[in-house]
Amino acid sequence: MTWRPQYRSSKYRHVFGKPATKENCYDGVPITSSVHDNHLCAVNPRFIAVITECAGGGAFLVLSINHTGKVDPHHPKVSGHRSNVLDIKWNPFNDFSIASCSEDTTVKIWDIPEHGVVKNITVPWKELQGHSRRVGLIEWHPTANNIIFSTGYDYQVLVWKLDVPEQVIKNPVRSISVHSDVVLSMSFNTDGSRLATSCKDKKIRVIDPRSGVLLQESNCKTHKASKVLFLGNLKMLLSTGNSHWNHRQIALWDQEDLSQSSYSENLDGSSGVLFPFYDPDTHMLYIAGKGDGNIRYYEISPEKPYVHYLTEYRSLLPQKGMGVMPKRGLDVCSCEIFRFYKLVTTKSLVEPLSMIVPRRSESYQEDIYPMTAGNRAAVTAEQWIAGLDKGPVMMSLRPGSELDSSAEHPRGQPGLSPLIQERLDGSPTSTDEDSSSTSHVSNGQLDSTHCSPPGTENELRQVFYKQQEDIRRLKEQLHQKDVRIKQLELEIKNVRNSERS
């Protein structure tokens, strides 16, 4: 009997990483020198935020997603913290709202103007005061609006409700006190009914986020976890950490039984922390090491052996942190299924890296873009606190499908021109202006014909950057069409030659 190798069919077998060209990177970004093991970068379809160096306090930089190229060293920052910023996260339901936490023991929620940061922002929309020591990590609830979690070096996980009249909030909804050391990572399952944490004591815990009750706790001596991640609806957890012999390791766990891992694999002997990223739509897992230039990616299945290695992206540029674009901001016309933003401190560079499924057709590929979580909350804060759990509101990525932008309008900002302030507040002067001032987004691209006119020099500069990006993108599309035409002409010529012979 002849032995035949068993090949596993997968549409993602040949996914490859495509780094952006130099002109499409963000150059001259003063990336923070903090040694905190966070992503240090947050991205949405409109803005990219990066924690930066700042003398005498803490700050982060917010740039328009189209503001590529050389960044002005004097570009305005969000600089209201009194000490180093340790983590930043965009609100998943409002592209103009971002949260930050700092060594000054506070969490602050910021409103970003529609045209970006045109002057230093120092006054937050909300300030959360409840931690007694520095705050190292924040996470937004995945389906409930205006609910955010924070954890600090006081070993507490605090649950905050933001839709209250007070500007300074001192009383959290819930204080979760089940950890004996610093929490290193937090992750929610799909509907936000379970919270998984990894701790400096090397244990993984599964918690009811509403009541704070500890549901499961690992006590595995052979795996020292540093980061943990829920794998969508698979009812499994993935952790990265170190083995007993200090090899970097990944492990899979049943969320209902953390007594023993279902799967573990040693990767290498490096010392950098492994950042895991999971795409529940494609069931692909990406593992990026801090201080590495490489990203491994796998496909996850609910049956053994669970983890299927695909390939590895290799680069000579080491990443200090990573940002990830939400699925609604991807370029579906180029079959892009994931996009990283690598922080390269050696070059003061933020490099976009697209993960591409190679396809010949330029049309929308339905099979690699299933319905995905959108930018609308499934429940209100009050409903979630009352005990209601719902899965995310799904949306299609098909080009031309209009995303709901009702939750994306920023709140009023001081110092803006009256026209822009009026547009931001949503108070039109006439029916015609109302119909023309509505912003629409299609797959993360802002329709520039609906934007209000710039009122200052900085705003005009932002519009200029946007137009330059549009011109570059159109030139690139034109070049791709020319290449395709030449390929078709060559194929026609070959067919005619073969018919004549």
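**Close-up 1. Arg 134 sits with its charged end over the ring of Tyr 153.** In this predicted model, the distance from that charged end to the centre of the Tyr 153 ring comes out at 4.1 Å.

**Close-up 2. Lys 126 lies over the face of Trp 125.** Here's another charge-over-ring contact, with Lys 126 placed 5.1 Å from the ring centre of Trp 125.

**Close-up 3. Phe 60 meets Trp 110 edge-to-face.** The overall tally is 13 aromatic pairs. One of them joins Phe 60 and Trp 110, whose ring centres are 6.4 Å apart, with 75 degrees between the planes. That angle is over 60, so the pair gets the edge-to-face label. Phe 60 belongs to strand S5 (residues 58-64) and Trp 110 to strand S10 (residues 106-111), so this contact ties together parts that are 50 residues apart in sequence. Phe 60 has 0% relative accessibility and counts as buried. Trp 110 also counts as buried, at 0% relative accessibility.

**Close-up 4. Tyr 286 and Phe 338 form a stacked pair.** Centre to centre, these two rings are 4.5 Å apart, and their planes differ by 20 degrees. Since that angle is under 30 degrees, the pair counts as stacked. Tyr 286 comes from strand S26 (residues 284-289) and Phe 338 from strand S30 (residues 336-344), so the pair bridges parts that are 52 residues apart in sequence. Both Tyr 286 and Phe 338 are buried.

**Close-up 5. Ring pairs link up into a cluster around Tyr 286 and Phe 338.** Zoom out from the stacked pair and you pick up Phe 277, Tyr 297 and Phe 340 as well, linked with Tyr 286 and Phe 338 through ring pairs.

Terms used: Residues are numbered from 1 along each chain as its sequence is written. This is a predicted model: local features need pLDDT of at least 70, side-chain atom pairs count only at pLDDT 80 or more; totals for chains, interfaces and linings use all residues. Side-chain values use heavy atoms; hydrogens and water are left out. Rings of Phe, Tyr and Trp (its six-membered ring) pair if their centres lie within 6.5 Å; planes under 30 degrees apart count as stacked, over 60 as edge-to-face and the rest as tilted. Helices (H or I, at least four residues) and strands (E, at least two) are DSSP runs, numbered from the N terminus. Buried means under 20% relative accessible area, exposed over 50%, partly exposed in between (1.4 Å probe, protein chains only). A charge sits over a ring if NZ of Lys or CZ of Arg is within 6 Å of the ring centre and within 35 degrees of the ring normal.
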